[in-house]
Amino acid sequence: MQNVINFITNSRVWKSFFRHGWPDNPLDRSLVMTTNVFFHLHPVKVNRKSLNWAYSLGLGVISAIAFLELTLTGILLMFYYVPTLERAYGYIITLQTEVPFGQLLRNMHRWGAHLMVLVVVLHMVRVFYTGAYKPPRQFNWVVGVVLLLLTLGASFTGYLLPWDQLAFWAITVGTSVAGYAPVIGNSAKAILLGGPEVGQEALTRFYALHIMIIPAGIALLTSLHMWRVRKDGGLAANEIKD
Ligand code: HEM
C-alpha cells in the first residue's frame, strides 16, 4: 500500500497539482495557502478583530453565497426556459407541474433573489454604520454602490421573464417610471423596451441582461470588491483601538 502511495505522490501529475510537501512546517503551510486558488483569497495573517462575527454579521459573504446559489439555479432554469411571448408563460406552468423538482427550483431562484436584495442592503447599512466607507475604503464603497444597482437590475429584469400578468404590468409601470427620469429618461425607456411597449423586444433584452450582462458584471465587480477589502488592509474593524 505504501508503495502505491509513494508512486502516486512522486508522480508528475500529482506534483503538478500539489506543489508543496505535507503541511507540517511553516513553509509548506504557507505554500498550501498561496498556491491554492480558493485559499489564496484569504490573507496569510488575519487580524483577530475582523474575525468577530458580530462586527460584519457575515453579510457580505452571505451576499456572495446568494449570488452563487442564484447562478446555479439560474443555469438549471435555462435548460427549460424559452424567452418568447408564445412559450415563456407555458414554460413556467410546465416547470411547476411536470418537471421533477421544478417548483422547488423556481422557488429557490425567486426566494434567493429576494434574499440577495435584502442582504446586500443590510450589508450596505452595516458598512455605513461602522464607518467603513471612509478612506481608504471610499473606492470600495463606490464599487459596492454599483453592485447594489446591478443586484436591483437583476431583480427587475428577472421579474419580466415569467411573462404573466404580474410581470407584464410591473415592467410596464417600472419602465414608465424610468421614462420620467430627467435627461436620460426617454432613451433609457427606449433602450430597455426596444419598442413602444412591453413586448417580444423587451423580453429578449431583459433576458440578455438577466442571464449574461448583469451576472457577468456582478461576478467581475465582486472579485474587485473582495480584492479591495484585502488591499485596504482587511475589514475596518482592524483599525479600532483596543
Ligand atoms: C453583490 C453585492 C455585494 C457583495 C457580494 C459584497 C461582498 C463583500 C464582502 C465578502 C466583504 C467582506 C466581509 C463583510 O464585510 O461581510 C465586503 C466588504 C465591504 N463592502 Fe461589500 N458586497 C456587496 C455589496 C456592497 C455594497 C452595496 C456596499 C456599499 C455601498 C459595499 C461596501 C463594502 C465595503 C466598504 C466593505 C469593507 C467593509 C469593512 O472594511 O468593514 N458592498 N463586501
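A residue counts as buried when its relative accessible area is under 20%. By that cut-off histidine 123, with a relative accessible area of 18%, is buried in this predicted model. Histidine 225 falls on the buried side too, because its relative accessible area is 16%. These two residues make a good starting point, since the description of the ligand site begins with them.

The iron atom of the ligand is coordinated by the NE2 atoms of His123 and His225, at 2.0 to 2.1 Å. Histidine 123 sits in helix α7 (residues 102-129) and histidine 225 in helix α11 (residues 200-231), so the pair ties together parts that are 102 residues apart in sequence. The iron atom has six donor atoms, and the angles among them run from 86 to 179 degrees. The site is octahedral, a label given to six donors if opposite ones are over 155 degrees apart and all others lie between 65 and 115 degrees.

Around the ligand as a whole there are 28 residues, and the closest are His123, Arg126, Gly144, His225 and Ala236. By class, this shell holds 17 nonpolar residues, nine polar ones and two charged ones. Several polar atoms can be placed with respect to the ligand. In the side chain of histidine 123, an N or O atom is 2.9 Å from a nitrogen atom of the ligand. The side chain of arginine 137 has an N or O atom 3.0 Å from an oxygen atom of the ligand. At alanine 236 the backbone takes this part, with an N or O atom 2.8 Å from an oxygen atom of the ligand. The elements that give two or more residues to the shell are α4 (53-56), α5 (59-78), α7, α8 and α11.

Helix α8 (residues 138-160) also contains asparagine 140. What does asparagine 140 touch, once its neighbours within four places in sequence are left aside? Its contacts are His225, Arg228, Val229 and Asp232; one of these, His225, also coordinates the iron atom of the ligand. Asparagine 140 is itself buried, as its relative accessible area is 8%.

Helix α11 also offers an exposed residue. Leucine 220 belongs to this helix and is exposed, because its relative accessible area of 65% is over the 50% cut-off. From C-alpha to C-alpha, leucine 220 is 9.9 Å from leucine 147, while 73 residues separate the two in sequence.

In the segment after α11 lies asparagine 238. Buried or exposed, at 19% relative accessibility? Asparagine 238 counts as buried, because 19% is under the 20% cut-off. A polar atom of its side chain lies 3.0 Å from the backbone oxygen of glycine 233. Not counting residues up to four places away in sequence, asparagine 238 touches Asn47, Lys49, Ser50 and Gly233.

The backbone deserves a look of its own. Most residues other than glycine have a negative phi, and most peptide bonds are trans. Against that background, leucine 57 has a positive phi of about 60 degrees. Leucine 57 is in the loop between α4 and α5, and it counts as partly exposed because its relative accessibility is 35%. Tryptophan 163 likewise has a positive phi, of about 55 degrees, although it is not a glycine. This tryptophan lies in the loop between α8 and α9 (165-179) and counts as buried, because its relative accessibility is 16%. A cis peptide bond, with omega of about 5 degrees, joins proline 135 and proline 136. Proline 136 is placed in the loop between α7 and α8.

Tryptophan 163 appears again among the contacts of alanine 88. Alanine 88 is in helix α6 (residues 88-97) and counts as buried, because its relative accessibility is 0%. With neighbours within four places in sequence left aside, its contacts are Tyr81, Val82, Leu161, Pro162, Trp163 and Leu203. Alanine 88 and proline 162, for their part, are 74 residues apart in sequence, yet their C-alpha atoms are 6.0 Å apart in space.

How values were computed: Residues numbered from 1 in each chain as written. Predicted model: local features only at pLDDT ≥ 70, side-chain atom pairs only at ≥ 80, totals over all residues. Heavy atoms only, no water. Helix = DSSP H or I, 4+ residues; strand = E, 2+ residues; numbered from the N terminus. Buried < 20%, exposed > 50% of the residue type's maximum accessible area, 1.4 Å probe, protein only. Contact = heavy atoms within 4.5 Å. Donors = N, O, S within 2.8 Å, 3.2 Å for Na, K, Ca; no water. Tetrahedral: all angles 85-135°; square planar, octahedral: opposite > 155°, others 65-115°. Near = heavy atom within 4 Å. Polar contact = N/O pair within 3.5 Å; in protein donor to acceptor, adjacent residues only side chain to side chain. Nonpolar A, V, L, I, M, F, W, Y, C, P; charged D, E, K, R; others polar.
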